[in-house]
Amino acid sequence: MRPENYQAVPLGDSNEYEIFIGPNHPGIEGNYALKLILDGDTVVKGTTDAGYLHRGFEKLMEGRLWIQNLAIVPRICVPDPAPMEVSYSLAVEEIMGIDAPIRAQWIRVLQLELSRIAAHLFTFGGHAATTGMYTPMYWGVADRDLVLDLFEDFTGGRVYSIYNIPGGVRRELPEGFLEKLSHLLDYLESRQNDYDNLLFTNQIFVQRAKGVGVLSKEDALEYGVTGPNLRACGLAFDVRRDDPYLIYDQLEFDIPTQQKGDAWSRILVRRDELFQSIHILRQVIAKLPSIKGPIRTAIPNPLSWNVPAGEAYARVESSKGELAYYVVSDGGDKPYRVHVRGPSSMHAVQTLEFLAKGARIEDVAQIMFSLDACPPEVDR
Amino acid sequence: MMKKELKIKSNKTNQQKQKRTNPLANVFDDFIDFCQSKSLFMLHYCTGCGAIELPPAMTSRFDMERLGIQPMVTPRQADILLVTGYVSVKTLKRVILTYEQMQAPKYVIGICSCTVNGGMYWQSYATAKKLNEYMPVDVYIAGCMPRPEAVLEGLNRLKNNIKNDRKEQKGSAWKDYYKNYDYYLGNQQNLFGKEWQTPVDVIAEAKLYGLEGEGTYGENTKKLKMVQHPLLPQEMKL
């Protein structure tokens with residue numbers, strides 16, 4: 001640094017000063033930045049600075065074949081990639097007028113719920129780390145790795161599986177997979193007490209998280225908040241139940257809600273959802289062996305595959321909220337236009353700015369992690 | 001004033017280098033290299049997807065700490081810069097600023113195929129394709145995305161390179177930034193525009209370390225001198 005660059009900053013009339021958080025900062029989720037104007041340690045105004053992860057996804061997809069797009073679709077949201085594949089596949093299937101076979105739909109549900117468990121375990125650790133507790137991070141990441149091992153077993157990929165294809169799934173489940181899954185679910189349930197004692201009812205965490213980043217139901221609806229963040233405000237909206245896709249209407253599960261809308265409520269909703277996912281997976285394990293049949297509806301040769309003209313909007317419930325793909329085809333071998341409706345752009349931009357206002361500076365990181373935003377999906 | 005001081009310092013270092021008569025000097029050098037390779041602080045700039053495999057590599061299961069590598073939060077105290085994934089143009093500016101702030105000796109690891117050649121986003125308008133056009137890279141870990149084992153293997157290679165640096169000159173890519181600054185600056189200017197400048201005066205540092213080469217100066221550094229002016233505090237906003 002050249003010394004002649006240092007100049008005294010003239011003080012203004014007010015006591016306000018501005019600082020940057022990010023893009024390379026341990027308190028920021030991913031590659032994302034915030035500019036805060038502070039008075040003392042209270043945030044007067046927070047401005048988000050997105051765009052560090054912009055790759056031009058929607059444009060890239062217009063230049064690739066329908067089948068090639070499957071490779072880049074899961075990369076939009078890194079911690080929770082499975083809903084991306086499923087949503088894109090559902091949209092293309094809707095345009096083509098085909099349905100995935102029943103068995104493929106059950107396997108897709110299995111993949112979606114496993115992915116939700118992995119994403120939530122990851123979030124617990126991240127959220128706890130912003131309050132200075134690092135043990136949940138170690139536990140959460142270690143338990144998530146067990147889920148990733150199963151992913152590797154049945155899809156071949158640890159993080160990005162690229163397992164779905166319009167018309168079904170690519171491979172049959174390996175032998176003995178459901179038993180392994182059953183063991184994992186037993187293990188995760190046995191960890192419930194440990195996690196409760198360590199994190200969810202731990203006073204060190206509760207005192208920090210209670211009453212931080214309170215979002216009322218009206219504000220949440222106004223800002224387009226979905227998913228666990230909306231359910232933490234007391235509104236039981238879940239795409240899985242209110243607009244069922246795949247075979248979710250045949251499954252039994254609760255929609256966990258909380259009333260307060262603060263950071264603690266949000267993490268409690270995620271905790272309950274994790275155990276609901278385990279409940280769903282148990283039903284899948286019980287039902288799946290009795291469902292026989294193909295796992296894929298035949299599609300034409302993928303290299304010269306023209307999807308008929310039309311448009312479709314397919315939405316799924318990801319671990320972050322409502323995720324949807326709007327796909328338009330003009331009858332060619334490539335999409336005419338693809339738009340991604342990601343939950344995180346609503347959470348991480350306007351909602352975060354709204355909640356940061358008036359918060360204390362040490363809570364800003366916690367608010368961001370409690371919203372569980374996914375920066376690669378904000379920028380796309 | 002400042003420039004004079006720098007000159008004096010660089011003369012001193014040159015003299016010291018000539019007067020190495022201590023017979024134990026090589027032993028000390030080896031010992032220092034050994035220690036350096038066993039304790040590394042790592043700054044992971046989470047530029048892209050690859051960052052998701054770092055928490056497993058750092059925490060209990062794969063445990064990076066047993067290699068003597070720990071995450072560090074500030075660039076000035078870090079030894080390794082991990083660039084994890086594709087770098088968009090907006091991010092690359094910050095990566096270069098971060099890299100220049102780090103104290104030598106410093107090492108760069110490019111994780112994921114995207115840092116090697118653009119990877120999956122080879123046709124994207126928003127990303128910089130090859131990282132080593134903008135800064136010297138020590139080790140690349142290819143894959144989309146590399147598994148934690150691959151990350152650990154890459155870090156192990158870097159450790160070996162550092163340990164054998166004096167014999168094989170493999171762990172000294174950072175010297176290349178000073179020796180060929182003109183090349184790197186030219187690529188940065190092509191991407192960010194001719195008025196690109198950073199707060200760090202790389203040429204002065206090159207003089208200080210005694211690492212000036214023929215490639216340090218050139219047409220691009222001349223352009224830099226034309227536009228260079230002291231950065232005002234307000235202008236240091238990115």
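Start with the contacts of chain A as a whole, in what is a predicted model: among those between residues at least 6 apart in sequence, 69% join residues at least 24 apart. With the whole of chain A still selected, colour by secondary structure, and you should be able to trace 15 helices and 8 strands.

Next, display the C-alpha atoms alone and turn the chain along its principal axes, where these atoms fill a box of roughly 70 × 50 × 40 Å. The radius of gyration of chain A is 22 Å, which agrees with the value near 21 Å that a compact globule of 380 residues would have. If you then colour by burial, buried residues make up 49% of the 380 residues in chain A.

Now select residues 263–287 of chain A, which form helix α12, together with residues 361–371 of chain A, which form helix α14. Two packed helices are described by the angle between their axes and the distance between the axes. Here the axes come within 9 Å and cross at roughly 30 degrees; because angles under 35 degrees count as roughly parallel, α12(A) and α14(A) are therefore roughly parallel to each other. Looking at how α12(A) passes α14(A), you will find a left-handed crossing.

Finally, show the side chains where the two helices touch. On the α12(A) side, select A263(A), R266(A) and I267(A), which meet Q366(A), I367(A) and S370(A) in α14(A). Sorted by class, this contact of α12(A) with α14(A) has 3 nonpolar, 2 polar and 1 charged residues.

Key
Residues are numbered from 1 along each chain as its sequence is written. Chains are lettered from A and ligands numbered from 1 in the order in which they are written. This is a predicted model: local features need pLDDT of at least 70, side-chain atom pairs count only at pLDDT 80 or more; totals for chains, interfaces and linings use all residues. Axes are lines fitted to C-alpha atoms, for helices over the stretch in contact, and angles run from 0 to 180 degrees between N-to-C directions. Helices (H or I, at least four residues) and strands (E, at least two) are DSSP runs, numbered from the N terminus. Angles under 35 degrees count as roughly parallel, over 145 as roughly antiparallel, 65 to 115 as roughly perpendicular and the rest as oblique. A crossing is left-handed if the near helix is turned anticlockwise from the far one by less than a right angle, and right-handed if clockwise. Two residues are in contact if their C-beta atoms, placed from the backbone, lie within 7 Å. Ala, Val, Leu, Ile, Met, Phe, Trp, Tyr, Cys and Pro count as nonpolar, Asp, Glu, Lys and Arg as charged, and the others, Gly among them, as polar. The radius of gyration is taken over C-alpha atoms; the globule rule is 2.2 Å times the number of residues to the power 0.38. A residue is buried if 20 or more other C-beta atoms lie within 10 Å of its own, exposed if 12 or fewer, and partly exposed in between; C-beta atoms are placed from the backbone.
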